[in-house]
Each structure stands twice: as C-alpha cells, then as structure tokens.
Amino acid sequence: MEFGTRIFIAFLVSQVVCTGSQEEEEKAECVPGFQEKEYRVEYSGGFLKDIPLLQVVFDDCTGNEGVEFEVSNPDFLIDEKLNLVPRRHVIDSGDVMFVHGVNNHVDDMAQVTIMGAPSRSPQTLREILGLSDMMPYRSKRSLLVPPMFVPENQRAPFPRLIGKVISSNMKEDHIFRLTGRGADQDPKGVFSINRLTGDVAVSRALDREAIAYYHLQVSTTDLSGKLVEGPADLDVSVIDQNDNRPVFKEPRYSGEVQEGSPTGTTVMTMTAYDADDPNTDNAVLRYIIVRQLPDKPSPNMFYIDPERGDIVTVISPHQLDRETLPTTQYELEIVAKDMAGSEVGLTGTATATITITDRNDHAPEFTHSLFQASVNEGSTGVVVNLTVDDRDDPATGAWRAIYSIINGDPNQNFEIQTNLDNNEGMLSVVKPLDYESAMFHTLLIKVENEDPLVPDVVYGSSSTATVYITVMDVNEGPVFFPDPLVVIRRENIPVGSFVAMLNATDPDYLQTQSIRFSVLRDPADWLIVNPFKGNVTTRAILDRESPHVHNNQYTALFMATDNGSPPASGTGTLIITIEDENDNAPYIFPSVARVCEDSKDMNVVIGGRDKDIHPNTDPFKIELGKQPGLEKTWKISRINDTHSQIMLLHSLKKANYNLPLVLTDSGVPPISNNTELKVQVCTCKKNRMDCSHAGSIQTNILLLLGLVLLSILCL
C-alpha cells in the first residue's frame, strides 16, 4: 500500500482511537499519540532545505522508543528532534500535508495546514486521497471516483464531507447522482452527493459491526435526467473504532490438573472474542492473570499465554501436592485486553476455577497392626470392622480400599468386603466355625486401592494387619447320621415290627451329654421310637396305598435332644420305601356303559384297574358272572392285558341292565372281584343319545334271561 493510502487510513484510525479512548482519557493523564493534532505554517513563497518549519508534539506514553514518522509530502521529514524539515528547496508544497507517527504502542496522525500556499497540481489530489500511481481508480469516460473511508461512531455535526467525485466533462446543466445501498436503498439517506460539486457526505454516525462496507454508484445526468456519465462504482469502507470490549463466552470456566503434574502442563484454554475489525489491533487480544485466590503457596502458580490464552502450571510438581495445598480449588481472574494489550485497550474479564485432582500417591495404612474379635461357633456374619487411613481424595479410586485375606483361611470360612460409606473392611464368617475343631484363627489381611499407586510409591508393612479370632463354645444339637436314613419295609407288617435304628451323635465331644429321641413328624401316625436307644417300630399297619405315601415312600422326621444347658436338639429324616402286597381287588372302568337300542352291533369296551402295583395288577381276567344263561345273551372278548369287549347277542329294549362280572388280577395269590356293569340302552336319533327314560325301568339280568328263554321255546 502506498504511503498516501496509509496516511489517510491512519488518520481515520487515529480519529477512531481518539474517539474510542475518550473514556480512558478521563482516567489517564497521558494519551498516546500526537498531543496536538493540527499545525499551521505560513507560506512565504517556498521553504528552504533543512530549515525547520515547526516542531510536532508526540508522546506514546512509554518513552517514544521505536517511533517512526512519515510525511505525506515526500519533500519533507520529521527529524530526531520532532522538527518538520524540508529535504530540499520546496516551492510547490500544497496547502495541506499529513504526519504519520507509529510504533508498537500507538498509531496516530496529525495535519499540517500551509496558510497562503497555492494548491498543488491536480496530480497531487491523488496523493491527498491516498491514491498512488500503482492504485488504479474507478472511472468511466472522464468520471473519477476514488474509494472513500469513514470512521465509525463519528459525532455531530452532520453531514460530514468524506470525499469528492470529479468529472472532467462537467457542465453547468449536468448534476451528480448517487444510488445504491445507503443512498436510495435501505438504509436510505446514509450518504449524499452534492449535485453540483460532487462532494460526498455522510449524514449520521456509522457502526462498522452492523455494516462494514457500502457499494454505491455515481453518475452524472443532464437536468432532464438523461445519463451523461457512469454509473461508476463508489466503495465506502467503514473504518473500525475500538468500541467493543473483549467478551468471554462464559463468565466462569472450569478446568482441572492432576497433582504432581510437570511444570508447564496445560490446564485449560480461555478464549474471548472482540467484535471489532479482526484486521486491526482493535481486535487483537492479549490475556493476563490479574489475581489468584488463594495466593498460597505462591501467587504465581499459573501462567496464561498472552496470545493463545492457554493456562499452564508454573508451580513445581513437588509443591503441586493436593494433600498439602491449602485448598484443592484455585480461582483465577483472567483479563482479555484488545489493542494487543496496550494501555489504551478495552478489557473483558472472566473467572477460571482450577481443581487440583488427586492421584494415588498415598498407600492406605491400617490404624492398628493387630485386631481382635470373638465369634460363637456355628454363627455367621460380620465379626470385626478393620479401619484404615488414606490421605487421598475420598471420591476417587485412589482412596477406596480393597481388602484381601492372604493367609490363615484355608477352608474359606471368612470373607472381607469394603464398607463403601467409610472405607472400613468388614470381616465376616461365611462358613460356621467349630469350637471343637479350632478354638482360634489367625488371619493376615492386606489392603490396597482400586487405582494403582504412582510409580514412586509402594505398599508398606502398614498396609497389612493381623486379626485374631477367638471361637466361643456353644452347645450344639445332636447330628443324625446318615441323614436321611432310608430303609425298605413291606406293607401290612405286624404292629410292633422293627423299622430302623436311629443314630445321632453330639458334636460337643468335649462334654459328656446324653441324647433322647422323639418323633417330630409322623403324618400317618404309624411309628414309635425308643427315647434312649433310638430303635423305631410300627404302631400301626403300613399301607402303601395311603395318601401319605408318595412314590412308594413314606417320610417321617425325628428329633434328638441333648441334656446340655440350655438343651440343644437336631433333626433327622427317616424314609421308608414300602414294598407292595396284593391287598387290593381290581375294579372295572367305566362302571356304566351306554348303547343304542336299535344298534345292529351293540358292543361295550371295559377295562380293569388296581390300586396295587406290578406284578399285583394286570394282566386282568374279565369274565361273566356265575349265573347260568348269561353266555347266551352276552359275550366277552379279551382285547389286551387291561381291556375286554362285551358284545350283546340279542337286542334289548330301552332300559337299565346290571351285568354281573368277575374281575381277577395277576397277584400271587390273585384277588378276584365280583362286580356289576351297568348297561344303559338308550334311544339314538341323528347322532344324539337319549337315556332320560332308560332309568325308569330297572331290569334284572335274570329276568331278562327268562324272557329270552321263553321267547325261544315259543318258537
């Protein structure tokens, strides 16, 4: 960019900086930049080489180190004493020039007006407007339209002149016309052009953050509105003013760092945003930490990268110890300042809360090396709580304890679990202990953390403890052996028959105690036991078909009680498998048969059943009763071992008939049953059987036989 353009932009920026810094001027004694913005020099026919014209007043408030000055007219310079000095003899100086002063702290502009000097040739207008020979201007025919720049947030009065459009063919009856966004389009009326002179003016204060660039068109017309020249583009750029403070997304940020982290560990990143022009220092941010709470053990435990906003640790790993720090949370007040952090920059503030997280750098330690407890034999449950100390964070696996039994429990009688509320180890008996087998138990317990220890920390001797368990003697009940006791007996044995001999022993063999037996549960009341000897005999007949017998087995419960103080008892089970005897006669099924009176083939299928079991049941033999003549009316045919078919040899009238039958099982000796089959002869129509009137006539089978014989003789 040529010097003229930089001069013009810098001048506008200087206005922005000055305007945007008015709030700061009220508070600060020094305002960086030119202390006087406008200077005047009398023109007396020209200026002599190396003769100072005036001295500018410039102060960057830090000693003016590295300040560079440029003058818009290359025939002049600012010397080391801040004098404006001609480089050569100058006659054509022009009536105005600009002085630009800049370093890392300030960028400002001053204007020098040469009173009484003739205007420079038209070519110098391009210099004043910031246009060099290397920057082509927009033109159509002879219309010269330079780019224009307007600082945002200008104050009244308005309108303000911002530039000039030149037409070399301008005539008295020609006028300038301005169109586009900001002129005759929304937002309307922001810019206007003098119809006769081409002066372009802004009518109100602009906001770069709302609209940063306006694209308009300039043309000339005659008085009738006929286009003469153009349209040509007019670009107006809104120059940023530092009118926006840096803003953090959130007022509070949270981060964490593990204790013992190396110096320089990144904790978190703070990011603020500035709505000003990102291409200017107005939006260039720098971050600083202005306060740390608490400020122990050092007020500078953390550092923030000024440009990136990364917060890193400064404190040494040894000092970054969660267990020794005064707190586990630190609050940092972070300030973001624009203008690259210069004194005139605007600021925004946020709070960063940093939590020092735990690592497992402390092994758990038992509070005692020896714990003692006592437990009654035969019982289970927690017998002792083991306590430990751990300096790590209780909310982490670096504090939570895991206990294990490493010696003294070969039979796995014990179990230890962690109480999640207080981290204690709950030692429990899970398999009952026996006083007579072992009166004492010595356990070695180890405690560890859920999380592994850091490499430079190990579990020491304090991470193990010894537990002495004393077993207390308790009067235990007698124990039956075997339990259950299974015997086999045949049903129907005589009352008083021997069934079984109960055997029970007292676990308290170190004491001399007697045992008494008694019946605890005998569902059928079949048994009796000798209280001293334990022999079981029958007091009633054993019946395999009893409802108290299941799967041929009868179960009774007995109790053995010692004479200890207090007495203790135990129970044992006697299972009697009962063998079957042929003591139940078979019976027919079904007991009632129905046939149709007009049926040509009157057949009935019946079967036999028996409460006994094989071999005292089937095959069954089914025969007609012993009454004479039955075989002339009925016939029985065997189907299989359990069923036979009865055929009626003559038609019968509708009635109920009782047919005598003899049913015999296969037992040794066999048992026969003289029974009757009730035969109902019914009326059958359309697949419906009506037996409602069959019961009104009860006909004995003998009477039936007599009628049949009489009818045969008559024939």
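Colleague: Is cysteine 682 buried or exposed?
Modeller: This is a predicted model, and every value discussed here is computed from it. The relative accessible area of cysteine 682 is 0%. Buried requires a value under 20%, so cysteine 682 counts as buried.

Colleague: With which cysteine does cysteine 682 form a disulfide?
Modeller: A disulfide is a covalent bond between the sulfur atoms of two cysteines. The sulfur atom of cysteine 682 has its partner 1.8 Å away, and the limit for a disulfide is 2.5 Å. The partner is buried as well, with a relative accessible area of 15%. The residue joined to cysteine 682 is cysteine 691.

Colleague: Is the link of cysteine 682 and cysteine 691 left-handed or right-handed?
Modeller: The torsion about the S-S bond gives the answer, and for this pair the value is 105°. The link of cysteine 682 and cysteine 691 is therefore described as right-handed.

Colleague: How many disulfides does the model contain?
Modeller: Cysteine 682 and cysteine 691 form one of them. Another joins cysteine 596 to cysteine 684, again with an S to S distance of 1.8 Å. The count of disulfides comes to two.

Colleague: What is the handedness of the disulfide of cysteine 596 and cysteine 684?
Modeller: Both cysteine 596 and cysteine 684 are buried. The torsion about their S-S bond is about -85°, so this disulfide is left-handed.

Colleague: How many residues apart are cysteine 596 and cysteine 684 along the chain?
Modeller: Cysteine 596 belongs to strand E48, which covers residues 592-596. Cysteine 684 lies in strand E54, residues 672-685. The disulfide thus links distant parts of the chain, and the separation is 88 residues.

Colleague: Which strands stand at the edges of the open sheet that contains E45 and E46?
Modeller: This sheet has four strands in the order E39-E46-E45-E42, with mixed pairing. An edge strand has a single partner strand, so one side of it is left without a neighbour in the sheet. Neighbouring strands here are turned by 30° against each other on average, direction ignored. The edge strands are E39 (485-490) and E42 (515-521).

Colleague: Which residue in E46 is the bridge partner of methionine 559?
Modeller: Methionine 559 falls within strand E45, residues 553-562. That strand pairs with E46, residues 569-579, in the antiparallel sense over nine bridges. The partner of methionine 559 in E46 is threonine 571.

Colleague: Which residue opens the antiparallel partner of E13 by pairing with lysine 164?
Modeller: Strand E13 (residues 160-164) runs antiparallel to strand E17 (residues 199-202), and four bridges join them. Within E17, the bridge partner of lysine 164 is aspartate 199.

Colleague: Which residue takes a positive phi in the hairpin of E16 and E17?
Modeller: Strand E16 (residues 191-193) and E17 pair in the antiparallel sense over three bridges. In this pairing, isoleucine 193 stands opposite valine 200. Five residues lie between the strands of the hairpin. With a phi near 85°, the residue asked for is glycine 198.

Colleague: What is the accessible area of the nonpolar patch that includes Tyr509?
Modeller: Tyrosine 509 sits in the loop between strand E41 (504-505) and E42. Its relative accessible area is 55%, so tyrosine 509 counts as exposed. The patch on the surface is formed by Met439, Phe440, Tyr509 and Leu510. Together these residues have an accessible area of about 470 Å².

Colleague: Which residue forms a salt bridge with arginine 308?
Modeller: A search of the whole structure finds 20 salt bridges. In this one, the closest N and O atoms are 3.2 Å apart. Arginine 308 is exposed, with a relative accessible area of 55%, whereas its partner counts as buried at 16%. That partner is aspartate 305.

Colleague: What is the distance, N to O, in the salt bridge of glutamate 623 and lysine 621?
Modeller: Glutamate 623 is partly exposed, with a relative accessible area of 27%. Lysine 621 also counts as partly exposed, at 48%. Their side chains meet in a salt bridge at a distance of 3.3 Å.

Colleague: Which residues do salt bridges with shared partners join into one network?
Modeller: The side chains of glutamate 209 and arginine 208 meet at 3.2 Å, N to O. Glutamate 209 is partly exposed at 27%, while arginine 208 is buried at 11%. The network consists of Arg208, Glu209 and Asp240.

Definitions and conventions: Residues numbered from 1 in each chain as written. Predicted model: local features only at pLDDT ≥ 70, side-chain atom pairs only at ≥ 80, totals over all residues. Heavy atoms only, no water. Pairing = 2+ DSSP bridges. Helix = DSSP H or I, 4+ residues; strand = E, 2+ residues; numbered from the N terminus. Axes fitted to C-alpha atoms, helices over the stretch in contact; angles between N-to-C directions. Buried < 20%, exposed > 50% of the residue type's maximum accessible area, 1.4 Å probe, protein only. Patch = residues over 30% accessible without salt bridge, like charges linked within 9 Å, V, L, I, M, F, W, Y side chains within 5 Å. Areas by Shrake-Rupley, 256 points an atom, 1.4 Å probe, with all protein chains shown as cover. Salt bridge = Lys/Arg side-chain N within 4 Å of Asp/Glu carboxyl O.
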